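Please open the model in the viewer and display the whole chain as a cartoon. The tour below proceeds by selection, from the overall chain to individual side chains.

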Amino acid sequence: LDGTAGIQNNATDLSYTGTLTGNGGIVNIGSGQVYKDASGNVGIGTASPSQKMTLNSGYIQTGNGAAGSGGVWFPYSSDVAGRSWRARTDIAAYGDFGFEQSTTQAGTTFATKILFDPSGNLLVGQTAQSFSGKFCITFPSDTFVGVASTTSATTSQIHTRFANGNGVVGAISTSGSATTYATSSDYRLKEDIAPMTGALAKVALLKPCTYKWKVDGSDGQGFIAHELAEVEAGCVTGEKDAVDAEGKPQYQGIDTSFLVATLTAAIQELKTLVDTQAARITALEGAAA
């Protein structure tokens, strides 16, 4: 079949082995159903492909379309360790989309490394949500644990902002040599500002204690969450004895940084008492002399 010679075949079933060429290297089958332009770009469903392959208004599927039959699979390439990566989705069977890495250099067995689950959660290093949250990540025990945020700048730089419907409410930032964990505290966000009173009496109600962690028997010191909440509720998150829909414990947490103002005010109140008593002692000593 040679397009330059103007040969046409209108048969319903066309069987051909060899090289199909068209005028100027252009091949047009079915008025743009399959199209190859002079630059080698191929279009399916379009006569104007913009890339090496352009798919218009459709999708690529392997298998027979039934649940678990394969979904969409992309060819993988080997990394420097000889392992391979591939992306796949099987919406019908699992409702998810993920990226897998081969567990061997042969690339015959794969393990999911990144997954978007049916609820739209992004999971890294896991295939089921281990904690409530849109982003969950599991780190191997033999590697750095954490998410690295770096910059070459040594001036003040904000790495993470935390926001809700009221705007930014906190941030993690770095200077030339330190990291700051900040919560909103600007005076323009506050009203009815007044000196704290009764702090010394409040501190007297606190129940600091020592304990051992059940998970490994290590020693700890601090507070019991629900006991602290009875004195300073702002330091505690969660509710005592709370469980989720499956009956799993929803543990309380504390942030003792919110005790700083109370402790500072208590020290100031204590200093006032000490200063008053010192003045009385000095007066009594002077009178006795």
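A contact, as the word is used in this tour, means heavy atoms within 4.5 Å. The coordinates belong to a predicted model.

**Whole chain**

Begin with the entire chain selected. The chain contains three helices and 17 strands. Of its 289 residues, 18% count as buried. A surface representation corresponds to about 21300 Å² of exposed area, of which carbon and sulfur atoms supply 55%. If contacts with a separation of 6 or more are considered, residues 24 or more positions apart account for 15% of them.

**Helix H3**

Next, select residues 260-288, which form helix H3. From the first C-alpha to the last, the 29 residues of H3 reach 42 Å, close to the 42 Å expected at 1.5 Å a residue. Within this selection, show the side chains of Thr 262, Ala 265 and Ala 266, the buried residues of H3. Which helix do the buried residues of H3 pack against? Adding residues 199-205 to the view gives the partner, helix H1.

**The sheet E11-E12-E13**

Now hide the helices and turn to an open sheet of three strands, ordered E11-E12-E13, with antiparallel pairing. Its edge strands are E11 (157-164) and E13 (179-183), each of which pairs on one side only. From one strand to the next, the twist averages 15°.

Keep E11 in view and select residues 167-174 for strand E12; the two strands run antiparallel and are joined by seven bridges. To locate one point of register, display Arg 161, which stands opposite Ala 171 in E12.

**Thr 174**

Finally, centre the view on Thr 174, a residue of strand E12. Is Thr 174 buried or exposed? Residues under 20% relative accessible area are classed as buried. Thr 174 has 19% relative accessibility and therefore counts as buried.

Show the neighbouring side chains as sticks. Leaving aside residues up to four places away in sequence, Thr 174 touches Thr 155, Ser 156, Gln 157, His 159 and Thr 179. For His 159, a distance label can be added: the side chains of Thr 174 and His 159 are joined by a polar contact of 2.9 Å. Two other names in the set can be placed on the sheet just visited, since the range of E11 is 157-164 and that of E13 is 179-183.

Methods. Residues are numbered from 1 along each chain as its sequence is written. This is a predicted model: local features need pLDDT of at least 70, side-chain atom pairs count only at pLDDT 80 or more; totals for chains, interfaces and linings use all residues. Side-chain values use heavy atoms; hydrogens and water are left out. Helices (H or I, at least four residues) and strands (E, at least two) are DSSP runs, numbered from the N terminus. The expected span of a helix is 1.5 Å times one less than its number of residues. Buried means under 20% relative accessible area, exposed over 50%, partly exposed in between (1.4 Å probe, protein chains only). Two strands pair if DSSP finds at least two bridges between them. Axes are lines fitted to C-alpha atoms, for helices over the stretch in contact, and angles run from 0 to 180 degrees between N-to-C directions. A polar contact is a pair of N or O atoms within 3.5 Å; within protein, one must be able to donate a hydrogen and the other to accept it, and residues adjacent in sequence count only if both atoms are side-chain atoms. Accessible areas come from the Shrake-Rupley method with a 1.4 Å probe; for residues, only the protein chains shown count as cover.
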